[in-house]
Structures are given as structure tokens and as C-alpha cells.
Number of protein chains: 2
Amino acid sequence: MRSNDSSSRFAILGALSLRPASGYDIKRFAASSIGHFWNESYGSIYPILKKLAREKLVQPQKGPQNGRDRVVYAITPRGEQALREWLLQAPRTEPFRSEILLKLFFAGRVAAEISVTHVQERKLAEQRRLTTYAQVENELTKQHGSHPELPYWLMTLNYGRHRSEAVVEWCNETLSSLAKLQKTSKQKRGSK
Amino acid sequence: MRSNDSSSRFAILGALSLRPASGYDIKRFAASSIGHFWNESYGSIYPILKKLAREKLVQPQKGPQNGRDRVVYAITPRGEQALREWLLQAPRTEPFRSEILLKLFFAGRVAAEISVTHVQERKLAEQRRLTTYAQVENELTKQHGSHPELPYWLMTLNYGRHRSEAVVEWCNETLSSLAKLQKTSKQKRGSK
DNA sequence: ACTACGACATATCATTGTGATATATCATAG
DNA sequence: CTATGATATATCACAATGATATGTCGTAGT
């Protein structure tokens, strides 16, 4: 029955609590701001917006706003209330599904070099993320240095930083483990 | 068109590459072994098993095996080949959707105490995970100390350890940030 | 001998989300 | 004046979840 606990609707409601926006705007907001830890696809945004409108949690603003085919939604007081109520609930434990770990678990079936490549690529990706986080933090503090919500934004950024650093560290350890595995398997082949 | 790239089918194929198993067995395997980083639900396991059987990547073994309504599947050589091919492909970057971060991003709308509670609970959960990982590592090295794939299993465990440690560290930093926020907001209320 | 319970086993379904693609408009650079 | 790229909404097949239904079997307790 409970069809109102989807977190997506609250991500959208949250975006609208910052400023009125169209589905397209929300997608771009999701891609930039909260995009580091939250994704929304058009496939959910537009249906959810209509649903929220039916429930009077958001209001489509009048008329074609630009001449464009643009529907801008604004959050209603009821919507803000719903958002606050959701914020009170304990967040769900995030589902954790890692394909690289799944492959590593079964990696005995292929050459160790394969895993080395995968781990190296992952390491690079996380390092790129780290530089992105640093840039975002810089711009954020410059442009919104006194915004009252800045501390919260920095907390989410800090999460990403810790996470990526941990993954890089893990990559290093894993690469050295894999190197050892390669050595011993070469020894075996050599002694045959 | 490409309907053969679902990772779930390879998780199942991987499980069957260890030993023949029923859908129920696979679910239990997923819940224990790879369960720390991979979940499978009955809703995918049974349909996928049938699909894999149609594609001759697995073979249902003959007859009711126990008197029970049990269908045990074994991987075929073609299935092992498909598994190895999948292992060669670069793993997808794991989708990262964190509800606690989403709530934190919008947490300015509610009292800081709310966020404190959420973060504390998360910290406890990660600490519980860490003790679990330690136990699993212990049992694994005791019971399969010389298993050739043990190093790979330990790599996946090590990932979980790094990740949870990073989250605990983040929780500590976040809790102290939140404490500061509470102080300053009390000051404001006091000076009014 | 009976029965309640928990483990075993498969199946199904509504809901949620993704990612790709289709369609169309508008601004602007060449 | 036309090609391109940003803006904007919509749709769909596919994937996955998680809850629930249905039933069997072994066995512990009475």
C-alpha cells in the first residue's frame, strides 16, 4: 500500500524547496549538486512531478513561461511539510552492489592481470573524483561562503572524500596482493 | 536489445561455478558469502535460472533430488565460458545512492538534533559491520587457509573494512560539525 | 500419535528505477 | 538559411526489489 516512501519524490521535493523548477531543471540540479550521491532520471522525474501535483505537494505555475514548452513547478506549504516529515525518518541503509567486488570474488577463473587492470582503472576513477570534490569545495566556499546551509553541503562532500580515499587505499593494497599472487603462480609454472 | 549484460545472471552463474545449487541455495549463498557487497532476490533468481537453462549455460539435474520439490542446477562448459568472458569486461562503476546524504543535504529544514541521531545510528551500524568482517575473516582463514581463491575473498572483505572505517571516520567529523552548528544556533537564539 | 514450528523450496507481483531514445522548439554561429 | 546544440517533455523495455503466497518436510515437545 505505502507508495509514498519512495525517496525519489523527496529528492525532487527537496530540489523544489530550493527554487521552482521544471523537470529539466531538476535533472540538471541532480546531475550537479546532489549528483555525487544521488541520481534521478527523466523516467522518474516527470511521472513523479505529475503525481506530486495531484497530491498538491507542488503547484505547476501558470502558462507557457518562456514561449517554450516549459512547466515550472513550485513547492507548496503542504509539500514543505511532507519534506520535513521525511527528513525526520531514519534514512535507509544504502544498498551496496559492487560489480568490481563480484568480479574479484570469482577472479580465480581468469588471469590475475585482468584484475590488475580493473583495479587500476578504478583507482584512477576515484582519484579523478577526489580532484572534482576539491574543486567543488573550493567553488562552494567561495560563492556561498556565508550560506546557512553550506555546512551541510560540505558534510556530503566530505563523505565522498573519505569514501574515495578509502577506495584508493584499498586499490593500492589490492594491487600489491595481486602482484604477490602473480609471483607465486609464476613460480609454480617455473618449477614444473 | 542487449539483454545479456545483467550482472545478476553472472552472480548466479558464478555461484553455480562453485557448486551445483537450487535457487534457494543461491539465495542463501548470496546472503552469506557475497552478501556483503551483492544481493540477489528470489524475484530475479528463479526467472534467471530458467533463462540460463534455455540458453544452455546451466543444466537442471534430473528428477526430484530429495523427494523435495528441488531443482538443482549445474553450470555447463558454455556457462563457464560465458562467466570467464564476463570477468574480462571492465566492471561498471557502482551506482551510489545515499539516502543519509540526501537528507543531510536538506537538513537545514529540521533541527540539527535529527541529523545527529541519524549519523549516530549510521556509525553504530558501520561499527557492527566492522566486527562482522573481522569474524568472517577469522573463520575464512581458519577453514579455508589454503584455498587458492582465499586471497580474492580477502580482497573483497578488505574493501568492506576500508569502506566502513571511512564511514565511521566521516561520522565522527560530521558529529563534531553538527555540534558546532548547534552551538552557534543556540548563541543566536540567546542573543536575541 | 499428534501437532506446531521452522527450515526448505518455488513462484508471483506491484512498485521502483534506469537508460536509451523519440520528438520538437529555440538560439546562434557560420 | 541551415546545422548544431541546448532546452524540454515523454515513453518504453528492462532490471531489481521486497513482500507475500503456497506448500512440503523433519523434528521437538507433549
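**A residue to begin with**

Does L88(A) count as buried or exposed, and how many C-beta neighbours does L88(A) have inside 10 Å? In this predicted model, L88(A) has 12 such neighbours and therefore counts as exposed, since a residue is exposed if 12 or fewer other C-beta atoms lie within 10 Å of its own. L88(A) belongs to helix α4 of chain A, which covers residues 77-88. Setting aside neighbours within four places in sequence, L88(A) is in contact with V110(B) and I114(B).

**The fold of chain A**

Chain A contains 7 helices and 2 strands, and their order along the sequence is α-α-α-β-β-α-α-α-α. The radius of gyration of chain A is 23 Å, well over the 16 Å that the globule rule gives for 192 residues, so chain A is more spread out than a compact globule. Its C-alpha trace spans about 80 × 45 × 40 Å along the principal axes.

Buried residues account for 33% of the 192 residues in chain A. Of the contacts in this chain between residues at least 6 apart in sequence, 58% join residues at least 24 apart.

**The contact between the protein chains**

Chain A and chain B each give 56 residues to their contact. On the side of chain B that touches chain A, at least two residues are supplied by each of α1 (7-18), α4 (77-88), α5 (99-105), α6 (112-143) and α7 (150-191) of chain B. The largest share of this side, 17 residues, comes from α7(B). By residue class, the side of chain B that touches chain A holds 30 nonpolar, 13 polar and 13 charged residues.

**Two helices of chain B**

Helix α1(B) has 12 residues and reaches 17 Å between its first and last C-alpha atoms, close to the 16 Å expected at 1.5 Å a residue. Its buried residues are R9(B), F10(B), A11(B), I12(B), L13(B), G14(B), A15(B) and L16(B). The cover over them includes α5 (99-105) of chain A, together with α2, α3, β1 (58-60), β2 (73-75) and α4 of chain B.

Helix α6(B) has 32 residues, which should span 46 Å at 1.5 Å a residue; its end C-alpha atoms are 47 Å apart, which agrees. The buried residues of α6(B) are A112(B), S115(B), H118(B), V119(B), R122(B) and E126(B).

**The nonpolar core**

In soluble globular proteins, nonpolar side chains tend to be buried together. Here the largest nonpolar core has 86 residues, and those with the most contacts inside it are I12(A), L13(A), I12(B) and L13(B). Apart from neighbours within four places in sequence, L13(B) is in contact with L52(B), L57(B), I75(B), G79(B), A82(B) and L83(B).

**The surfaces near DNA**

There are 25 residues around DNA strand C, of which S8(A), G43(A), S22(B), G43(B) and V71(B) come nearest. The elements giving two or more residues to this surface are α1 (7-18) and α3 (42-54) of chain A, with α2 (23-32) and α3 (42-54) of chain B. The surface near strand C divides into 6 nonpolar, 13 polar and 6 charged residues.

Around DNA strand D there are 26 residues, and S22(A), G43(A), S6(B), S8(B) and G43(B) come nearest. Two or more residues of the surface near strand D come from each of α2 (23-32) and α3 of chain A and α1 and α3 of chain B. This surface comprises 6 nonpolar, 13 polar and 7 charged residues.

Key:
Residues numbered from 1 in each chain as written. Chains lettered and ligands numbered in written order. Predicted model: local features only at pLDDT ≥ 70, side-chain atom pairs only at ≥ 80, totals over all residues. Contact = placed C-beta atoms within 7 Å. Helix = DSSP H or I, 4+ residues; strand = E, 2+ residues; numbered from the N terminus. Nonpolar A, V, L, I, M, F, W, Y, C, P; charged D, E, K, R; others polar. Near = placed C-beta within 6 Å. Rg over C-alpha atoms; globule rule 2.2 N^0.38 Å. Buried ≥ 20, exposed ≤ 12 C-beta atoms within 10 Å, placed from the backbone. Core = buried A, V, L, I, M, F, W, Y, C linked by C-beta atoms within 7 Å. Expected span 1.5 Å × (residues − 1).
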